[in-house]
Amino acid sequence: MRYMFSSGRILACLALLLCAAGCSTPSHSVNTYRMGDTVQLGKLVYNVYESRWLTHLGEGTAARIPRDRFFLVRMSISNAGSEEILVPAVTATDESGHTCRELENGESVPEWLGLLRPVRPGESLQGIVVFDCAPRNYKLRLADESEQRTALVDIPLTFGAEIPELPAPEFPEKK
């Protein structure tokens, strides 16, 4: 059986193909940075410069105990724009693709950035975001003010040598 294609059908098919190619959204590559690198996404400028793992937050009976471990990440965020910006939440993703969201409760977290983070033009925020996740290598996902462009910051697993404070020894008085 022979199919006849008219020049009109061929032109219509070509037009559809060109339209589909022209209507596709451009894909932005997601760059990965190291801790300490400056990451500019739109009008937001990030710097992730420290991470810590904790088994608890607070002291005594008021101590908060995590499901896994508390993962604290210290960062700064600057607004290079001309209007106030609400900084989007960040997420941590391990090498297996498991994602961990920021905790909504910053109780006992020193310098907690909070969940609502407005930053004025030309100003910066500095502080800590906190997660409850298993100790692993993570990539912190950061976003621009519209959450259209993202970048990753590689945070390798490290445990700092935490030296507990010990009370000074008491010696009996000499007579």
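Buried here means under 20% relative accessible area. With that cut-off in hand, here is a quick look around this predicted model.

**The aromatic cluster**

By that yardstick Trp53 is buried, and so is Tyr138. The structure has four aromatic pairs. In one of them, the ring centres of Trp53 and Tyr138 sit 6.1 Å apart with the planes at 40°, so this pair counts as tilted. It also ties together distant parts of the chain, since Trp53 belongs to strand β3 and Tyr138 to strand β10 (residues 138-143), 85 residues apart. Zoom out a little and ring pairs join Trp53, Phe71, Phe131 and Tyr138 into a cluster.

**Leu44 and its surroundings**

Strand β3 covers residues 44-54, and Leu44 lies in it. What does Leu44 touch once its neighbours within four places in sequence are set aside? Its contacts are Val39, Ile77, Ser78, Ile85, Val87, Pro88, Val119, Ala143, Asp144 and Glu145. Take Asp144 from that list: 100 residues separate it from Leu44 along the chain, yet their C-alpha atoms are 6.0 Å apart.

**Two leucines side by side**

| Residue | Strand | Relative accessibility | Class |
|---|---|---|---|
| Leu44 | β3 (residues 44-54) | 0% | buried |
| Leu86 | β5 (residues 85-87) | 49% | partly exposed |

Why does Leu44 count as buried? Its relative accessible area is 0%, and the class takes in anything under 20%. Leu86, at 49%, is partly exposed because that class runs up to 50%.

**Out on the surface**

Leu86 also shows up in a nonpolar surface patch of about 300 Å², which it makes with Leu115 and Leu116.

Conventions: Residues are numbered from 1 along each chain as its sequence is written. This is a predicted model: local features need pLDDT of at least 70, side-chain atom pairs count only at pLDDT 80 or more; totals for chains, interfaces and linings use all residues. Side-chain values use heavy atoms; hydrogens and water are left out. Helices (H or I, at least four residues) and strands (E, at least two) are DSSP runs, numbered from the N terminus. Buried means under 20% relative accessible area, exposed over 50%, partly exposed in between (1.4 Å probe, protein chains only). Contact means heavy atoms within 4.5 Å. Patches are made of residues with over 30% relative accessible area and no salt bridge: like charges are joined within 9 Å, nonpolar side chains (Val, Leu, Ile, Met, Phe, Trp, Tyr) within 5 Å. Accessible areas come from the Shrake-Rupley method with a 1.4 Å probe; for residues, only the protein chains shown count as cover. A salt bridge is a side-chain nitrogen of Lys or Arg within 4 Å of a carboxyl oxygen of Asp or Glu. Rings of Phe, Tyr and Trp (its six-membered ring) pair if their centres lie within 6.5 Å; planes under 30 degrees apart count as stacked, over 60 as edge-to-face and the rest as tilted.
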